[in-house]
Structures are given as C-alpha cells and as structure tokens.
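Visitor: I should like to go through this molecule step by step, with a reason given for each answer. May we begin once the structure is in view?

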Amino acid sequence: MTRLTLSKASLTAEGGRLKTYERYLPSLDLKRRQLISERVRAAEILAETVRAIDVLRERVHAELPMASDLEVEVTGLVTVTGIDLAEDNVMGVRLPRLGRVALCRRPYALLAKPEWVDRLAELLAATLELRVQVQVERRRLDLLDEAVRTITQRVNLFEKVLIPRTRANIKCIRIFLADGERAAVVRAKIAKAKRAREARA
C-alpha cells in the first residue's frame, strides 16, 4: 500500500476516487442482484427438468413394467448422436443454451421385438433429451454461481474496503491540513505580537 501524502492535491485525488467508487457501487450492486435473480431462475428451471425426468421414469414403471424383462434386449435402443449448443450473454456472463439434441434409434426387427418396445423407445428418447438438458442447465448454474461470487467480492471490496479507506484518508488529510492552518494562524499572531512589542520598545 502506498503511503498517504498529506496535501491539498492528495485530498482532491482522494475526493475524486471516492466519487468514482460511489458512482460505480450502485451499478455493481444492481448487476449482482440481477445475477442472483438469474441464478434463482436457473435453479428453478433445473429443478423442473429433474422433476420431468422423475415423472418420465415413473411413467415407464407404470406403463411398461415389462421393460424390466431381461430377455428383451433394449440397451442402446436410443443414443445421442449430436448436440447443438447456443450461447446467451446474461449481464456479461456467457451461458450455454441447448439448441437441438440429435438422437438415433437403433433399427430392430418389428416382428422380433414386442410392440411395447416402440413406446419404450419414445420414452427413452424423451429421457435422453432431458438428461442432456440437465447437464447444460447445471453448467449454466455453475457459471452463474461463479459470476455471483465474483461480483459479490467486487461489491464487498467497494463497500467494505475502498470506500471506507478513502473516507478515512480524506478525514486524515483534512485534520492534518486544518492543524497546519491553525498552526500558521498561531505563528502569524505570535509574529504580529512580537513585532508590536519590538515597535513599542
């Protein structure tokens, strides 16, 4: 930390710094509140997607209990072949957004598989798409958490360090300058009184 210079120029510089800090703090705090709001929204969306996966799982158990039949081979029935990701810019934070999920259904002989395999393939495709969506939404949430943490640190730096330190510096400089002015007045009075005594003598 640089040593504080006790002068009028330093007082002016510290006053300018304080104005700058006080001007930027509200916009930083607003950005922090907006990011927190966006983070809450992202967490809600993620929770909804996870619930949708649970609902699909329950539907598979309810509609297709026969899917647990180990004699019918259903592994690799539906696979993800491609994912299109876009990007959103939310208050300077680049967040991934799921565009399209390309799925591939493994061909199978219709007469060799039971008729419920088609329904299972539909539900598996929907589940896979939601699982990819969950991964993207978790990444969004992680990035928003990081952005909120960073902006909160900046707000705290301004609120708890820079502004109080600058105010303390201004107070210190003003006290020093006021003491100097009083000392100059006292010296001037002493010199005037001395000259008056010398003039009388």
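Visitor: What distance, N to O, is found where the side chains of D145 and R39 meet in a salt bridge?
Guide: Please note that this is a predicted model. A salt bridge requires a side-chain nitrogen of Lys or Arg within 4 Å of a carboxyl oxygen of Asp or Glu. The side chains of D145 and R39 meet in such a bridge, and the distance, N to O, is 2.2 Å.

Visitor: Which helices does the pair D145 and R39 link?
Guide: The salt bridge between D145 and R39 links distant parts of the chain, 106 residues apart. D145 lies in helix α2, and R39 lies in helix α1. The two helices asked for are therefore α2 and α1.

Visitor: Are D145 and R39 buried, partly exposed or exposed?
Guide: The class between buried and exposed runs from 20% to 50% relative accessible area. D145 has a relative accessible area of 24%, and R39 has one of 26%. Because these values fall in that class, D145 and R39 are each partly exposed.

Visitor: Which residue meets E38 in a salt bridge within helix α1?
Guide: The partner lies 3 residues from E38, about one turn of the helix. The side chains meet at 2.9 Å, N to O. The partner of E38 is R41.

Visitor: Which of E38 and R41 is buried, and which is partly exposed?
Guide: Buried means under 20% relative accessible area. E38 has a relative accessible area of 13%, so E38 is buried. At 45% relative accessibility, the residue that counts as partly exposed is R41.

Visitor: Which residue forms a salt bridge with R100?
Guide: The closest N and O atoms of this pair are 3.7 Å apart, and the partner of R100 is D84. The pair links distant parts of the chain, with R100 in strand β2 and its partner in strand β1, 16 residues apart. At 40% relative accessibility, the partner counts as partly exposed. The residue asked for is D84.

Visitor: How many salt bridges does the count come to?
Guide: The pairs already discussed include E38 with R41 and R100 with D84. Further salt bridges share partners and join R59, E63, R119 and E122 into one network. The count comes to 15.

Visitor: Which helix supplies the largest share of the lining of the largest pocket?
Guide: The largest pocket holds about 330 Å³ of space, and 16 residues line it. Helices α1 (8-63) and α2 (116-200) each supply at least two residues of the lining. The largest share, 6 residues, comes from α2.

Visitor: How many residues of the lining of the largest pocket are nonpolar?
Guide: Among the lining residues, R57, V60, L124, T127 and R131 lie nearest the centre of the pocket. The lining divides into three classes, with 4 polar residues and 2 charged ones. The number of nonpolar residues is 10.

Visitor: What accessible area do V80, I83 and L85 have together?
Guide: These residues form a nonpolar patch on the surface. One of them, L85, is found in strand β1 (residues 78-90). L85 is exposed, because its relative accessible area is 53% and exposed means over 50%. Together, V80, I83 and L85 have an accessible area of about 240 Å².

Visitor: Why does the phi of M91 deserve attention?
Guide: Most residues other than glycine have a negative phi. M91 is found in the loop between β1 and β2 (93-105), and M91 is partly exposed, with a relative accessible area of 27%. M91 is a residue other than glycine, yet its phi is positive, near 50°.

Visitor: How far apart in space are S10 and I170, C-alpha to C-alpha?
Guide: S10 has its place in helix α1 and is buried, with a relative accessible area of 12%. In sequence, S10 and I170 are 160 residues apart. In space, C-alpha to C-alpha, the distance between S10 and I170 is 8.6 Å.

Visitor: What distance separates the C-alpha atoms of D179 and K113?
Guide: D179 has its place in helix α2 and is partly exposed, with a relative accessible area of 38%. Along the chain, D179 and K113 are 66 residues apart. Their C-alpha atoms are separated by 96 Å.

Key:
Residues numbered from 1 in each chain as written. Predicted model: local features only at pLDDT ≥ 70, side-chain atom pairs only at ≥ 80, totals over all residues. Heavy atoms only, no water. 1 Å grid on protein atoms, 1.4 Å probe; cavity = no way out; pocket = protein on both sides within 12 Å on 5 of 7 lines; lining within 4 Å. Points joined across faces, edges and corners; volume = space filled by probe spheres on them. Helix = DSSP H or I, 4+ residues; strand = E, 2+ residues; numbered from the N terminus. Nonpolar A, V, L, I, M, F, W, Y, C, P; charged D, E, K, R; others polar. Patch = residues over 30% accessible without salt bridge, like charges linked within 9 Å, V, L, I, M, F, W, Y side chains within 5 Å. Areas by Shrake-Rupley, 256 points an atom, 1.4 Å probe, with all protein chains shown as cover. Buried < 20%, exposed > 50% of the residue type's maximum accessible area, 1.4 Å probe, protein only.
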